[in-house]
Amino acid sequence: MRVLVTGATGFIGRNLCRVLLQKGHQVRALLRPTSRPLDNALSEVEVVLGDVTVPESLPQALENIEAVVHLAGVKQAGQVSLYRKVNAEGTAHLAQACNDLNLKHFIFMSSLSAQGPSPQNRPHIDPGNEAPINAYAQSKLNAEKAILDCPDLRATILRPGIVYGPGDAEILAWAKMVRRRIAPLVPNLELSFMHVDDLTQLIAQILEREDAPLGPYFLSDGQPLTMNQLIDLLERLFAKGPVLHIPLPPRMLAALIPAIERIAALSGVGPFTARRLHQLAATGWACSPNKAQQELDYVPQHRFAESLPAVLDWYKQNGWFKD
């Protein structure tokens, strides 16, 4: 199958291109002119320049393409309008272009944040009653709505938890804090994780289906961890000595958000911090993959606690830590 991948230079995108090539697909990557080049290991991937925010660049990118996996998006922005432009409007442009071509499949990487926080000890199971709490999450939900506005688009929407694996920067940030023997944490904040190999294999599996189940589908390994458990796990595996735990109660974080957002509006450098504070002040970011297991035949092969040692070893072997 001829597959177009957006966001191919990102963590998930690099791994997905590798998996698709291994399965014999012809892969094309849509890269912005200012994007960094693809890894040398992905030399078989065809590159076409374009931008989802520039609709006139999309017909060439989609020429002779049978399926699209849309991973590209903005996670941190100096201006709220950039979330809307790239995540929502950009997805709308691409979805409409694919709708007009009647492609076999359009897979969209949304976000658990589009649903909103999960109640304590109650991971999200089914979509509905979405309540995003920041501009990034709202832009992802608006992107989903844009897909639904394309009546002929054969689409599948995915909402994974925290995606991790070798080369991931998010777990790296937590690991570095623990390595420095200090760990701010929100007590009992629940988090769901999904290994990048499970995610990319699932996407490849969906591409091979004759139908196009819409979802949205929550994705995780099915075993949420509290932030306390995450830090304890990192401490046992990685710390050089006792780690100072600094509890940050959600109420304290919530009280800081208005001030951070005012600074963000003036400086243009704070929205990412404010978004993170919103997320940490929530009750949880946990989800169950039950629906995906039932309808997509998804079977997670990696559990976070069991997979983390290999990820940490990768950081060490590739020089991501300086002792």
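These entries record what I looked up about the strands, sheets and neighbouring helices of this structure.

**Entry 1. The model.** I note at the outset that the model is predicted.

**Entry 2. The seven-stranded sheet.** I began with the order of the strands. I found an open sheet of seven strands, arranged β3-β2-β1-β4-β5-β6-β11, and its pairing is parallel. I then looked up which strands stand at the edges. They are β3 (46–49) and β11 (217–219); each has a single partner strand, so one side of each is left without a neighbour in the sheet. I also looked up the twist: on average, neighbouring strands of this sheet are turned by 20° against each other, direction ignored.

**Entry 3. Strand β4 and its neighbours.** I turned next to β4, which covers residues 67–70. On one side I looked up β1 (residues 2–6), which runs parallel to β4 and is joined to it by four bridges. Within this pair, L4 has V68 of β4 as its bridge partner. On the other side I looked up β5 (residues 105–109), and here too I recorded a parallel run with β4 and four bridges. V68 appears again in this pair, with F106 of β5 as its bridge partner.

**Entry 4. Side chains of β4.** I asked which way the side chains of β4 point, and whether they are buried or exposed. A67 and V69 point one way, V68 and H70 point the other way, and all are buried. I set beside this a general rule: in a regular strand, side chains alternate between the two faces of the sheet.

**Entry 5. From β4 to β5.** I looked up the helix that belongs with these two strands. It is α3 (residues 80–101), and together β4, α3 and β5 form a β-α-β unit that is right-handed.

**Entry 6. Strands β5 and β6.** I followed the sheet on to β6 (residues 155–160), which pairs with β5 in the parallel sense over four bridges. For M109 I recorded L158 of β6 as the bridge partner. I also noted helix α4 (residues 135–148), which lies across β5 and β6 and runs at about 165° to β5.

**Entry 7. The three-stranded sheet.** I then looked up an open sheet of three strands, with the order β12-β9-β14 and mixed pairing. Its edge strands are β12 (225–226) and β14 (284–285), and each of them pairs on one side only. I checked how β9 (residues 190–191) meets β14: the two run parallel and two bridges join them. In this pair, L191 stands opposite W285 of β14.

Technical notes. Residues are numbered from 1 along each chain as its sequence is written. This is a predicted model: local features need pLDDT of at least 70, side-chain atom pairs count only at pLDDT 80 or more; totals for chains, interfaces and linings use all residues. Side-chain values use heavy atoms; hydrogens and water are left out. Buried means under 20% relative accessible area, exposed over 50%, partly exposed in between (1.4 Å probe, protein chains only). Two strands pair if DSSP finds at least two bridges between them. A crossover is right-handed if, with the strands pointing away from the viewer, the path from the first strand over the helix to the second runs clockwise. Axes are lines fitted to C-alpha atoms, for helices over the stretch in contact, and angles run from 0 to 180 degrees between N-to-C directions. Contact means heavy atoms within 4.5 Å.
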